[in-house]
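User: I am new to this structure and would be grateful for a close look at a single part of it. Please set that part in its surroundings and explain the reasoning where a cut-off matters.

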Amino acid sequence: AHANAAHMRQHCSVTSIRDPRGKSRRGGSSPSPFASASSAPKPGSHLGRRLIKLNPTVAGLHEIIGLAYAQSGDPQNAVKSFSRAIKLMPGLKSAHFNLARVYLGAGRTQLAIDTLRRLVRADQNDIDAVHLLGISLFRQGGLVAAATQFPAVANRAPSHHEAQFYLGRIR
């Protein structure tokens with residue numbers, strides 16, 4: 001689990017994260033890609049278990065618990081929590097995005113790509129999802145496919161330095 005946490009932290013500076021309210025925040029100086037979950041109840045805490053027990057059908061709670069699991073370096077339980085949130089609320093874009101982040105951080109690149117392709121198909125203007133899809137494709141070795149993602153991000157958000165970086169590496 002410690003190796004997975006270190007691997008997940010390594011990816012912090014190359015993309016953005018989303019909190020359950022759908023707000024996007026660029027990574028960078030944060031020690032964890034899921035730093036927004038720092039105020040969330042710890043996954044094994046009595047409060048976290050009680051919240052889920054009292055409100056098992058609230059997708060946002062499952063997502064917050066998923067963020068806490070991801071932050072604590074437990075990608076397996078993070079995937080379960082994000083998947084529950086998605087099952088309860090299929091349109092919860094932040095849960096899809098964060099699920100893809102966990103997959104990518106855990107080395108499950110194809111699952112990240114599949115998740116992100118569904119998300120981008122639903123919203124082609126989601127710059128962070130397009131960017132993370134490009135990174136996932138790049139890491140898988142799909143340079144031609146990745147090359148189609150970064151220009152879209154760079155054109156829509158010229159100050160998106162990470163997209164410019166990957167675009168330069170592909171060219």
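Analyst: The starting point chosen here is S94, which lies in helix α5. The model is a predicted one, and every value below is computed from it. With a relative accessible area of 3%, S94 counts as buried, because buried means under 20% relative accessible area. Twelve residues separate S94 from F82 along the chain, and their C-alpha atoms are 9.3 Å apart.

Before following helix α5 outward, it helps to see the whole protein. Nine helices and two strands make up its set of elements. Read from the N terminus, these elements run α-β-β-α-α-α-α-α-α-α-α. Of the 171 residues in the protein, 47% are buried, and S94 is among the buried residues. Among contacts with a separation of 6 or more, 53% are between residues 24 or more positions apart. The accessible surface amounts to about 8,500 Å², and carbon and sulfur atoms hold 55% of that surface.

Helix α5 covers residues 93-105, and one of its partners is helix α4, residues 75-88. The two helices pack at an angle of about 160 degrees, and their axes lie 9 Å apart. Angles over 145 degrees count as roughly antiparallel, and α4 and α5 are therefore roughly antiparallel to each other. Their crossing is left-handed. On the α4 side, the contact is formed by P75, A78, V79, F82, S83, A85 and I86; on the α5 side, by A95, H96, N98, L99, V102 and Y103. Sorted by class, the residues of this contact are ten nonpolar, three polar and no charged. F82, whose C-alpha distance to S94 was given above, is thus one of the α4 residues in the contact.

Helix α4 also holds R84. What is the exposure of R84: buried, partly exposed or exposed? R84 has a relative accessible area of 43% and is partly exposed, because that class lies between the limits of 20% and 50%. R84 and P56 are 28 residues apart along the chain, while 9.5 Å separates their C-alpha atoms.

A second partner of α5 is helix α3, residues 59-71. Here the packing angle is about 20 degrees, with 11 Å between the axes. That angle makes α3 roughly parallel to α5, because angles under 35 degrees count as roughly parallel. As with α4, the crossing is left-handed, α3 passing α5 in that sense. S94 itself takes part in this contact: E63, L67 and A70 of α3 meet S94, A95, N98 and V102 of α5. By class, the contact of α3 with α5 comprises four nonpolar, two polar and one charged residues. A95, N98 and V102 appear in the α5 side of both contacts, the one with α4 and the one with α3.

Helix α5 can also be approached from T115, a residue of helix α6, which spans residues 109-122. T115 is buried, its relative accessible area being 2%. Leaving aside residues up to four places away in sequence, T115 touches H96, L99, A100 and Y103. H96, L99 and Y103 also belong to the α5 side of the contact with α4.

Further along the chain, L133 sits in helix α7. L133 is likewise buried, with a relative accessible area of 4%. Not counting residues up to four places away in sequence, L133 touches I113, L116, R117, V120 and Q149. L133 and R101 are 32 residues apart in sequence, and their C-alpha atoms are 10.0 Å apart in space.

Helix α7, residues 127-140, has a packing partner in helix α9, residues 161-170. These two helices pack at an angle of about 30 degrees, with their axes 11 Å apart. The crossing in which α7 passes α9 is left-handed. H131, I135, F138 and R139 of α7 form the contact with E162, A163, Y166, R169 and I170 of α9. The residues of this contact divide into five nonpolar, one polar and three charged.

To return to the starting point, S94 is a buried residue of helix α5 and takes part in the contact of that helix with α3. Helix α5 also packs against α4, in a roughly antiparallel arrangement.

Methods: Residues numbered from 1 in each chain as written. Predicted model: local features only at pLDDT ≥ 70, side-chain atom pairs only at ≥ 80, totals over all residues. Heavy atoms only, no water. Helix = DSSP H or I, 4+ residues; strand = E, 2+ residues; numbered from the N terminus. Buried < 20%, exposed > 50% of the residue type's maximum accessible area, 1.4 Å probe, protein only. Contact = heavy atoms within 4.5 Å. Areas by Shrake-Rupley, 256 points an atom, 1.4 Å probe, with all protein chains shown as cover. Axes fitted to C-alpha atoms, helices over the stretch in contact; angles between N-to-C directions. Parallel < 35°, antiparallel > 145°, perpendicular 65-115°, else oblique. Left-handed = near helix turned anticlockwise from the far one by under 90°. Nonpolar A, V, L, I, M, F, W, Y, C, P; charged D, E, K, R; others polar.
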